[in-house]
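Work through the exercises below with the sequence and the model open. Each task is followed by a solution in steps.

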Amino acid sequence: MIMNPWTLPARLDRAAAAALAPQWADAMPDSGAVTIDASAVERIGQAGWQVLLSAMRTAKAKGTTLRITGSSPAMIESATLAGLADLLEECT
Amino acid sequence: MTNEDIQRIFLQECEEGLEVAEKALIACRDGQQDAETVNSIFRAVHSIKGGAGAFGFGALQAFTHRYETVLQQVRDAERTLDDALLAVLLRAFDTLTDHVAAIRGDAAVPDDSAISSELDRTAAHTEVRAPEDVAAPAKASDDFDFDDLLGALEATEAPTTEVATTTNWIVDFRPAAAALLHGGEPVLLLRDLAALDPALTVEVDTAAVPKLDTFDADESYLGWRITLSGSVARGAIAELFDFLPDDSQPQIHGNATDILESEQVLPCEVQAEAEPVADHAPVAAQAAQPPVDTAPPALTGGTLANPSVRVDLDKLDRLVDTVGELVITQAMLAQRLSGLGAHADDEMAQLDYLTRELQDCAMALRAQPIRSVFSRVPRIVREVEAATGKRVRLEVEGELTELDKTVIERIGEPLTHLIRNAVDHGIELPEDRVAAGKPAEGRVQLSAEHRGGRILIQVKDDGRGIDRARVLAKARDKGIVAADARLTDEEIDHLVFAPGFSTATVVSNISGRGVGMDVVRQNVAALGGRVSITSTPGTGSTFTLALPLTLAIADGMIVAVGGELLVLPLTHVVECLRPSTADVQAFGPDHSMLRIRGQFLPILPLGDALGVSAATRDPATAVLIVVETEARGSVVLMVDAICDQRQVVIKSLETHYRAVEGVAGATILGDGRVAMIIDVEALSERICHRRDKQAAA
């Protein structure tokens, strides 16, 4: 069982996404709020965004509020490049 | 291309974006609030945000994000664009301009805390889209926003109502799973695309992302639509995706809806169909024909090469300098040949023609539209409006009028002052205007035009006009004019340019510090220009700046004084004459006056002023040249003879020697001699001043 807030690793790549997805699927509560701490992220690409988007979608379906806090500069830069800055901002 | 180059391009695109946004905001304020106008503001701000993010300009990015949030609400018709909101948007726009200026290094990073919280408050007043709402079904809007598609059933459903008119490249990119495994990280590709066009827009399609329970980290769920400027070469875009497998290749096409299923991107595809298209035929009709059919004729000439070239200013200046030297050498050659009796008239005429052509071309390269200066004016007007409670409609004309870069750089300050003056002093308060039977909103017209080899810039207001009685009283009070002096209306109007003159009873930080108009005149005079006023009480005032087209070459009259040759700039010369003895009247032992058309004008011997002893001292045998000056009106310069009238290349004395009062510069004549160019204004002022002192003694 992982603790709230969920902490993102420095390198959120395909391997990290593959490891996080089943953990998060188990840990996602049926209501209430989940906070994801993004302050440590140094590298994030498509794979990382996909697992985050999947978490957002899962939370939404369950009626859980998902917040992403402390987005690192690398995270914000990647979000801007990928056209996801608005979505990130909405979850902040 | 270095990072600095890209950043410079980003800044240029910012400028362009700001210009578009400002025009659209003004159009909105004037009642034109259609979807396209609002959209153009949104797009401009959105593009700046994208570039700011890519370059790591955090403050700019954060601010544009706030701004964009409010704009998006307007665009999505979540709130109406009323006057209060427009005022906030305009203020935010000014702050955005400051942010861009800060990146350029022209200013400090602005304190945007007040306007930011105002934007936040504004945004909070409507229902901000929560993440849950983002999953609303896709709507056929006039702006394609993939965010809106999140959660929609059909991921590839594209809207069909897009009516775009701009020429952009649309890159639809949906990498396959294999691309991810082979290192084709889309975010890095997007960074490379941003390097090609820092103002690109990126829309992401997240609709295919599943919930965590069916999530597969090896799958690729995202798709992107990237819009890049049509000025980027298609080959350069395609090249970035070159190493991706076939099933991950993007579709690159002109503008939005003409997605040609069969179109495959080849890096070296340089045919006509690779043009960005500006128009949209229905998709069905288009599938059968290449998109070039729908492109306007102007675009079919091949846009892969950029239509413009950026040139370093130093190189340009060297070209202009060299052309100047060529003009001089050509004049020398002509003189030498005529001395030798060689008959080369045809060739010399041809050389003369070509040299002039080359000179015109070189000068045209330095010419820039005055728009860059005019574009700062709306903001100045808004600031003065806010500070004074006045209401002003600004009308701008002739923004594309071109003038020399140096003039453009130096005209900003005087123009700013004239605009502030027009709003602060010219335009009345709304209630006063209504009482005077005028519309509550004042009007300031700013225009620029070429006329007779000069540029005329006018600032015209429909305010109260110059209060001549007050101006005269003030001038007498300050000792600028003698208590018993009788002045014409025009002379009274020009008193506002006198040093130390100000009629403002309260010193404001807008204008009225008593130095402004004097400085305007000095600055304009330093550019070889002149400023004049016409004013009608109750109806308004017009300030006209007359400026030379270029500072590098001037038309000059070459005159002989003693053994020296001097150049008088033709702009000051009114007429030349040899007087009859009856027209010259002695005035005291040393001075004389010229009677011309019933007027007496002082005769100023140039030789005396410049210490040339061999000059003629008898006006009856000399040549008299009537010149116009700002400070002294018409005066007469006395010279020995007129030798020639021609274009001269102006060489700065300050650069090569030091500034000399009364001398505007130097030029090299055809025979290789150096001739001083007379600063008519300063020299006549000096002579007159000396005489005034003698008379007082």
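Chain B has 21 helices and 22 strands. The model is a predicted one.

**Exercise 1. Chain B as a whole**

Task: State what percentage of the residues of chain B count as buried, and what percentage of its contacts with a separation of 6 or more join residues 24 or more positions apart.

Solution. Step 1: chain B has 697 residues, and 49% of them count as buried. Step 2: among contacts in chain B with a separation of 6 or more, 68% are between residues 24 or more positions apart.

**Exercise 2. Helix lengths**

Task: Compare the end-to-end distance of α4(B) with the span expected at 1.5 Å a residue, then treat α21(B) in the same way.

Solution. Step 1: α4(B) covers residues 83–104, which is 22 residues. The expected span is 1.5 Å times one less than the number of residues, so α4(B) should span 32 Å. The C-alpha atoms at its ends are 31 Å apart, in agreement. After α4(B) comes Gly105(B), with a positive phi near 90°.

Step 2: α21(B) runs over residues 680–696 and has 17 residues, so 24 Å is expected, and its end C-alpha atoms are 24 Å apart. The buried residues of α21(B) include Val680(B), Leu683(B), Ile687(B) and Cys688(B), together with Glu681(B) and Arg691(B).

**Exercise 3. The contact between chains A and B**

Task: Describe the interface by residues, area and polar links, and find which helix of chain A gives the largest share of its side.

Solution. Step 1: chain A puts 34 residues into the contact and chain B 42 residues. The area buried between the two chains is about 3,100 Å², and carbon and sulfur atoms give 62% of it. Gln46(A), Arg57(A) and Leu81(A) together supply 24% of what chain A buries against chain B, more than any other three residues.

Step 2: there are 3 salt bridges between chain A and chain B. The side chains of Glu77(A) and Arg191(B) form a salt bridge, at 3.2 Å from N to O. The polar contacts across the interface come to 15 residue pairs.

Step 3: α1, α2, α3 and α4 of chain A each supply at least two residues of the side that touches chain B. The largest share, 12 residues, comes from α2(A). By type, the residues on this side of chain A are 19 nonpolar, 8 polar and 7 charged.

Step 4: α2(A) has 17 residues and reaches 24 Å between its first and last C-alpha, close to the expected 24 Å. Of these 17 residues, 14 are buried. Gly63(A) follows α2(A) and has a positive phi, near 80°.

**Exercise 4. A threonine in a helix**

Task: Is Thr122(B) buried or exposed, and which residues outside its sequence neighbourhood does Thr122(B) contact?

Solution. Step 1: Thr122(B) sits in helix α5 of chain B, residues 113–124. Step 2: the cut-off for buried is under 20% relative accessible area; Thr122(B) has 10% and therefore counts as buried. Step 3: a polar atom of the Thr122(B) side chain lies 2.6 Å from the backbone oxygen of Glu118(B). Step 4: beyond neighbours within four places in sequence, Thr122(B) contacts Val70(B), Gln73(B), Arg79(B), Leu85(B) and Val88(B).

**Exercise 5. Salt bridges within a chain**

Task: Locate the partners of the salt bridges Lys62(A)–Asp30(A), Lys651(B)–Glu325(B) and Glu441(B)–Arg393(B), and classify the accessibility of Lys62(A), Asp30(A), Lys651(B) and Glu325(B).

Solution. Step 1: the side chains of Lys62(A) and Asp30(A) meet at 3.2 Å, N to O. Lys62(A) is in helix α2 and Asp30(A) in the loop between α1 and β3 of chain A, 32 residues apart. Lys62(A), at 32% relative accessibility, is partly exposed, whereas Asp30(A), at 58%, is exposed.

Step 2: in the salt bridge of Lys651(B) with Glu325(B), the closest N and O atoms are 2.7 Å apart. Lys651(B) lies in the loop between β20 and α20 of chain B and Glu325(B) in helix α10, so the pair ties together parts 326 residues apart in sequence. Lys651(B) is buried at 16% relative accessibility; Glu325(B) is partly exposed at 38%.

Step 3: Glu441(B) and Arg393(B) form a salt bridge of 3.1 Å, N to O. Glu441(B) is in the loop between α15 and β8 of chain B, and Arg393(B) is in strand β6, 48 residues apart.

Conventions:
Residues are numbered from 1 along each chain as its sequence is written. Chains are lettered from A and ligands numbered from 1 in the order in which they are written. This is a predicted model: local features need pLDDT of at least 70, side-chain atom pairs count only at pLDDT 80 or more; totals for chains, interfaces and linings use all residues. Side-chain values use heavy atoms; hydrogens and water are left out. Helices (H or I, at least four residues) and strands (E, at least two) are DSSP runs, numbered from the N terminus. Contact means heavy atoms within 4.5 Å. Buried area is the accessible area (1.4 Å probe) that two parts lose on being put together, summed over both. A salt bridge is a side-chain nitrogen of Lys or Arg within 4 Å of a carboxyl oxygen of Asp or Glu. A polar contact is a pair of N or O atoms within 3.5 Å; within protein, one must be able to donate a hydrogen and the other to accept it, and residues adjacent in sequence count only if both atoms are side-chain atoms. Ala, Val, Leu, Ile, Met, Phe, Trp, Tyr, Cys and Pro count as nonpolar, Asp, Glu, Lys and Arg as charged, and the others, Gly among them, as polar. Buried means under 20% relative accessible area, exposed over 50%, partly exposed in between (1.4 Å probe, protein chains only).
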